[in-house]
Amino acid sequence: MARILVIDDHDTLREGMTVTLTRSGHAVSAVRGGADGLAAYRKAPFDLVVTDLKMDGLDGIAVTQALKALDASAVVMVVTAFGTIETAVRAMQEGAYDFITKPFTPDVLRAKVDKGLELASTRRKVEKLEARTAAHDADAALSHGSMVGDSEPMQRLLSQARKAAHSNATVLVRGESGTGKELIARMLHQESPRKDGPFVVVHCAALAETLLESELFGHERGAFTGAVKRKLGRFELADGGTLFLDEIGEIPHSVQTKLLRVLQEKEIQRVGGEETLKVDVRVVSATHRDLQAEVKAGRFREDLYYRLHIVPLMLPPLRERPEDITSLARHFVAKHAPRVNRRVTGMDEGALRALARHVWPGNVRELENVVEQALVFAEGDVLTVTDLPSHLTGAAPRMDAGLPVPHGDRPLPDILEDLERQLIARAYEKAGGVKTETARLLGIKTSALYYKLEKYGFLPKGTPPDEG
């Protein structure tokens with residue numbers, strides 16, 4: 001069923017078109033003048049607009065111009081008398097797709113409208129495809145690693161993920177930065193009945209509140225300063241597929257409330273719009289935060305937490321699966337060598353032992369960063385210890401190099417936090433205090449770096465990403 005707007009100041013003709021199109025199964029709104037028609041379109045865009053050419057006030061030419069300025073994809077047909085065909089041609093030059101001359105039969109009207117609705121459908125598909133392509137391009141740089149690992153923790157996680165993939169339930173993936181939460185989300189999509197639908201990513205921590213709302217739900221033209229045209233939100237783009245909300249713990253309360261409604265009602269409203277749109281989306285979210293603690297602190301809605309937490313998956317950090325380090329390192333050599341250093345075919349045992357001794361606070365992402373860096377500087381056909389970054393071969397703490405032994409007063413988590421703080425301090429100093437370079441050296445996201453810099457006192461709490 002299409003939504004059609006009829007604009008005509010001739011009561012009999014307006015009512016006749018309304019009856020004909022309603023009997024054809026369409027939802028028809030009819031108004032007497034151009035100004036009323038534009039007001040109706042602003043509230044909720046229509047699939048097709050049929051407007052008379054000669055009207056008091058705004059005529060069909062002005063209506064067509066205004067509609068195309070409001071929504072470049074608007075589909076408009078003008079109704080004209082036989083003696084004003086030249087004017088109708090001008091309307092087409094202004095953006096109308098066709099015209100119909102009075103008098104006309106119901107069959108002719110239906111045929112013209114069907115042609116317009118086919119055009120509207122094609123334009124919507126193109127718009128959606130372009131938006132999805134832009135979204136894919138924006139997220140194409142992720143791919144940090146792969147779900148590689150034969151360790152018991154990883155095999156247990158992958159088994160749980162494969163079972164969860166076949167359901168439609170929301171999934172919450174937890175884990176430290178760099179463990180591969182997005183890769184698990186992609187696996188859930190690829191092994192689900194939705195695999196032929198879109199997989200759409202939103203990095204929640206990277207967007208301000210107003211931008212996040214627009215990114216999720218879309219916006220209408222003129223909804224806010226800079227909204228020069230309608231934009232489809234990620235929920236619309238993910239219709240029929242999977243939406244991955246990365247770092248869900250960072251979204252503000254106002255967006256949490258709207259997200260809860262979407263999960264409950266399976267419908268959205270674009271920012272600045274009044275039309276309610278049904279969406280069929282499977283949501284997978286991820287966070288490095290303890291959301292239960294965030295709920296207790298009042299920073300995260302409890303009802304939203306339980307909506308997201310129907311199927312929980314916990315990604316183990318690399319330090320809890322050291323037996324996977326060797327296979328991951330070899331995987332990253334095979335992945336990056338063809339692009340970075342074609343001579344390199346592998347890694348010797350000395351280099352693998354050095355990797356195995358490291359505690360990997362940046363997890364798999366840090367390991368991939370280290371391998372790629374080693375490939376850049378390698379001169380032989382096999383990576384050796386001398387090709388690895390210095391913090392892995394000398395100054396950095398090693399698991400067998402006299403580290404404190406955990407005990408009641410000094411448990412393992414405290415020791416690991418000390419090691420992480422020391423590594424961040426070295427990287428921060430080496431990068432000269434430049435946050436993006438520090439994050440690159442550590443192999444973690446900039447958003448995760450800010451969290452850790454605040455955690456360990458290098459930055460004041462609440463420092464905006466563009467300061468300090």
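**Exercise 1. Find which residue stands opposite valine 6, then work out how the two strands pair.**

Solution. Keep in mind that this is a predicted model.
- Step 1: look across from valine 6, and you land on alanine 30 in strand 2.
- Step 2: now check the strands themselves. Strand 1 covers residues 3-7, and it pairs with strand 2 in the parallel sense, over five bridges.

**Exercise 2. Put the strands of the open sheet in order and say which ones stand at the edges.**

Solution.
- Step 1: walk across the sheet from one side to the other. You meet five strands in the order 2-1-3-4-5, with parallel pairing.
- Step 2: look at the two ends. Strand 2 (27-31) and strand 5 (98-102) each have a single partner strand, so one side of each has no neighbour in the sheet.
- Step 3: check the twist. On average, neighbouring strands here are turned by 20° against each other, if you ignore direction.

**Exercise 3. Work out which strands helix 2 and helix 3 lie across.**

Solution.
- Step 1: take helix 2, residues 34-43. This helix lies across strands 1, 2 and 3, and runs at about 160° to strand 1.
- Step 2: move on to helix 3, residues 60-70. Here the strands are 1, 3 and 4 (76-81), and the helix runs at about 155° to strand 3.

**Exercise 4. Decide whether aspartate 52 is buried or exposed, and list what it touches.**

Solution.
- Step 1: locate the residue. Aspartate 52 lies in strand 3, which spans residues 48-52.
- Step 2: compare its relative accessible area with the cut-off. Buried means under 20%, and aspartate 52 has 4%, so it counts as buried.
- Step 3: list the contacts. Leaving out residues up to four places away in sequence, aspartate 52 touches Ile7, Asp8, Asp9, Gly60, Val79 and Lys102.
- Step 4: look at the record. An unreviewed UniProt entry places the feature "modified residue: 4-aspartylphosphate" at Asp52.

**Exercise 5. Do the accessibility check for histidine 203, and find its side-chain partner.**

Solution.
- Step 1: histidine 203 sits in strand 7, residues 199-203.
- Step 2: its relative accessible area is 26%, so histidine 203 is partly exposed.
- Step 3: its side chain is joined to that of aspartate 246 by a polar contact of 3.4 Å.
- Step 4: try glutamate 250 too. Histidine 203 and glutamate 250 are 47 residues apart in sequence, and their C-alpha atoms are 9.7 Å apart in space.

**Exercise 6. Name buried residues in helix 19 and say what follows the helix.**

Solution.
- Step 1: go through residues 446-455. Ala448, Leu449, Tyr450, Lys452, Leu453 and Glu454 are buried.
- Step 2: carry on past the helix to glycine 457, whose phi is positive, near 85°.

Key:
Residues numbered from 1 in each chain as written. Predicted model: local features only at pLDDT ≥ 70, side-chain atom pairs only at ≥ 80, totals over all residues. Heavy atoms only, no water. UniProt positions renumbered as here; feature names shortened; annotations may be inferred. Buried < 20%, exposed > 50% of the residue type's maximum accessible area, 1.4 Å probe, protein only. Contact = heavy atoms within 4.5 Å. Polar contact = N/O pair within 3.5 Å; in protein donor to acceptor, adjacent residues only side chain to side chain. Pairing = 2+ DSSP bridges. Axes fitted to C-alpha atoms, helices over the stretch in contact; angles between N-to-C directions.
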